[in-house]
Amino acid sequence: MKRIFFFAICAVALCACNNAKDEIPGLKDFIKDDFKIGVAVSPYTLQGEQAEMVKKHFNTMTAENAMKPASIIQPDGSYKWDDADKIVAFAQANGMKMRGHTLVWHGSTPRGYMNDAEGNPLTKEQVMAKHENYIKAVFEHYPKDVIFCWDVVNEALADTPGESIYRTRSPWYQAFDGPEFIEWAFRTARKYAPEGVELIYNDYNLVDPAKLERACTMLKDMLAKGVPIDGVGMQAHWDNSVTEEMIQTAIDRFSALGLDVQITELDLTCFNNYHGPGAAERQQVRQAVHYTKEMADAQAEEYAMIFRTLHKNADKISSVTFWCLTDRTSWLNNFTIRGRLDYPLLFDAQDQPKKAFFAVKDVFTKK
Ligand code: GLA
């Protein structure tokens, strides 16, 4: 009898737990018109239960990888759109919009792209001609009413102060022998982008005071030259060292330049959000760690602070995107330490809402 009772309790608990994700409201239903709310997806996310979650919570998507140049441009120079097309078709079928990501990024430049068939470096003019063809093809390929903005240039700024504010190791910087590729990319994108599509500069660590300064210097300079930049994407791969003041300062600085602000790749690692050279060595936690109650509490508080700040600044922010749907598929698993899982999102590895989800919900629903 006791045993039956025990199993009955377990079944009820399991059931309640399984239902939590079906019983909660959608993020988009309580965030309402504050800003668009999105998620980074692959074609695999858009199947089964996870597809339902995407539809329920979000009104925009970003292709996690499928729209990047190295995913589209094949070794023989042809373009392969299949994965990107699957995501676009899902967006169309479900009345969702997309962020385009990305047109020029050192991290997704196909191998050998800057060289000719013999392996010699292309001239700047040859690179420009080749990539203008690509940018044109991108804008001709996707339906005009689905993608509302494009990350035209991703991560062109240096991480650490040096002689240049730019990432000089980038193959783009090197092919152009300077930062002019940024201006060129925006002007070229404007030439082919459908009217109304916003052109965005996207980068990480923009809440870091020194990097923020570099970003503002670059953006001011480009705006003064009439470069068609409409907004800044703050990637927001954050950790608990990011404060409300840091976020507020960055939002204020960018919107003072007349730019739209978007949060484009939000996640909150339980460890350190180091990027760039030596990232793995600089991690303080090097072994696998379970997600404890203390971690869940701290993360919920940090997410609440982030969304309180974004909510307060809704007039300056047009779009917020999570980088992946659940802790199961986050890019932070195994990054930068192999074998170490991370827990950076609002949904756990079983697709269930975490404490952080309810903390975000309270920001929008509690009076
Ligand atoms: C950067 C890029 C994204 C993605 C993440 C890591 O932030 O902009 O496209 O690759 O790194 O997944």
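Guide: Welcome! A residue is called buried under 20% relative accessible area, exposed over 50% and partly exposed in between, using a 1.4 Å probe and protein chains only. This is a predicted model, so local features need pLDDT of at least 70 and side-chain atom pairs count only at pLDDT 80 or more, while totals for chains, interfaces and linings use all residues. Residues are numbered from 1 along each chain as its sequence is written, and side-chain values use heavy atoms, with hydrogens and water left out.

Visitor: Thanks! Which residues of α9 are buried?

Guide: Lys211, Leu212, Arg214, Ala215, Cys216, Met218, Leu219 and Met222. Helices here are DSSP runs of H or I with at least four residues, strands are runs of E with at least two, and both are numbered from the N terminus.

Visitor: And what covers those buried residues?

Guide: The cover includes α8 (180-192), β5 (198-203), β6 (231-234) and α10 (244-256), where contact means heavy atoms within 4.5 Å.

Visitor: What span should α9 have?

Guide: The expected span is 1.5 Å times one less than the number of residues. For the 16 residues of α9 (residues 209-224) that should give 22 Å, and the end C-alpha atoms are 22 Å apart, which agrees. Gly226 follows the helix, with a positive phi near 80 degrees.

Visitor: Back to Cys216. Which cysteine sulfur is nearest to it?

Guide: That of Cys149, 19 Å away. A disulfide is a pair of cysteine sulfur atoms within 2.5 Å, and the count by this rule is zero. Cys216 is therefore in no disulfide. Cys270 is in none either, with the nearest cysteine sulfur, that of Cys324, 15 Å away.

Visitor: How buried or exposed are Cys216 and Cys270?

Guide: Cys216 is buried, at a relative accessible area of 4%, while Cys270 is partly exposed, at 23%.

Visitor: New topic: how many cavities of 30 Å³ or more are there?

Guide: Four. A cavity is a set of points, on a 1 Å grid over the protein atoms alone, where a 1.4 Å probe fits but cannot get out, and lining residues have an atom within 4 Å of a point. Grid points are joined across faces, edges and corners, and a volume is the space filled by probe spheres set on the points.

Visitor: What volume has the largest cavity?

Guide: About 80 Å³. Of the 14 residues lining it, Thr269, Asn272, Asn273, Leu332 and Phe335 are the closest to its centre.

Visitor: And what lines the second largest cavity?

Guide: Val138, Phe139, Tyr142, Pro143, Lys144, Ile147, Trp150, Pro194 and Val197. The space in the second largest cavity is about 60 Å³.

Notes:
On a 1 Å grid over the protein atoms alone, a cavity is a set of points where a 1.4 Å probe fits but cannot get out, and a pocket is an open set with protein on both sides within 12 Å along at least five of seven lines; lining residues have an atom within 4 Å of a point.
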